[in-house]
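Colleague: I am new to this structure. Please take a single part of it for a close look, and then set that part in its wider surroundings.

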Amino acid sequence: LKIVLFCLIFVLNLSVHASLPSVISAENLLTHQKTTLSTKLTDKKGLVLIFMSAKCPCSDSHVPLIKKLATTYKDFKFSVIHSNLDETRLASEQYFKKANFNFEVLEDSKTQIADLLGAYKTPHAFVFNPQGEILYQGGVTNSSNAANADEFFLDNALSDISKGQKVRTAEGRTLGCVILRQSEIK
């Protein structure tokens, strides 16, 4: 019943994306500085938010691909969001330092960003256009292990947007580890 209710809340949450704030505030996990992230951009083709975990093997398997996408699609702003409350701050900092992303990693210490967007698993990606509308949301690939993927949802979405085309798959299935909220930690 708990899973059914959470899924229902998740589905209902998808319909409220129009009310997303234009600015999201969070702390940069690696620099410990407060930062604001605009979902509306004037200098980029869009914003890519990817929820990731420090201990999820599914999330970890996608790190090289995500780094490659950020290099390939330089006209998009990339940010990682870390929301898993069952992971210690120290372990998360160490993991993301080692991952060496060339973009910011934001700490969602109360899962407010995950709750707002309806992020449920890691990795879970969201692509916003410059007006702040979600053009894609879901898995980075169609596999929990990037090496086994044969569909690359996030890459396809970014390619479509870059070419001025409608995103061919606006929502891809998210496979990975559940983002644990405070009420789910025992």
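Modeller: Ser-53 is found in the loop between β3 and α2 (57-61). The structure is a predicted model, in which local features need pLDDT of at least 70 and side-chain atom pairs count only at pLDDT 80 or more, while totals for chains, interfaces and linings use all residues. Residues are numbered from 1 along each chain as its sequence is written, and side-chain values use heavy atoms, with hydrogens and water left out. Helices (H or I, at least four residues) and strands (E, at least two) are DSSP runs, numbered from the N terminus.

Ser-53 counts as buried, at 1% relative accessibility. Buried means under 20% relative accessible area, exposed means over 50%, and partly exposed lies in between (1.4 Å probe, protein chains only). The side chain of Ser-53 makes a polar contact of 2.3 Å with the side chain of Glu-87. A polar atom of the Ser-53 side chain also lies 3.1 Å from the backbone nitrogen of Lys-55. A polar contact is a pair of N or O atoms within 3.5 Å; within protein, one must be able to donate a hydrogen and the other to accept it, and residues adjacent in sequence count only if both atoms are side-chain atoms. When residues up to four places away in sequence are not counted, Ser-53 touches Ser-59, His-82, Asn-84, Glu-87, Tyr-95, Phe-96 and Thr-122. Contact here means heavy atoms within 4.5 Å.

Phe-96, touched by Ser-53, leads to the interior. The largest nonpolar core has 30 residues, and Phe-96 is listed with Ile-50, Phe-78, Phe-101 and Leu-154 as having the most contacts inside it. Such a core is a set of buried Ala, Val, Leu, Ile, Met, Phe, Trp, Tyr and Cys residues joined through side-chain atoms within 4.5 Å. Two or more residues each are given to this core by β3 (46-51), α3 (63-72), β4, α4, β7 (124-128) and α6 (153-162). Apart from it lies another core, of 16 residues, including Ile-24 and Leu-106.

Of the contributing elements, α6 is mostly covered, with 7 of its 10 residues buried. Leu-154 is one of those buried residues, and together they pack against β3, α3, β4, β7, β8 (134-138) and β9. Just after α6, Gly-164 takes a positive phi of about 75°.

The strands belong to a wider arrangement. An open sheet of 8 strands, with mixed pairing, has the order β2-β1-β5-β4-β3-β7-β8-β9. β2 (34-38) and β9 (171-172) stand at the edges, each with a single partner strand, so one side of each has no neighbour in the sheet. Helix α4 (residues 89-99) packs on the sheet and touches β1, β4 (76-82) and β5, its direction making about 150° with that of β4. For such angles, axes are lines fitted to C-alpha atoms, for helices over the stretch in contact, and angles run from 0 to 180 degrees between N-to-C directions.

At the β2 edge, β1 and β2 run antiparallel and are joined by 5 bridges; two strands pair if DSSP finds at least two bridges between them. Along β2, Thr-35 and Leu-37 point to one face and are buried, whereas Lys-34, Thr-36 and Ser-38 point to the other and are not. Thr-36 is exposed, with a relative accessible area of 53%.
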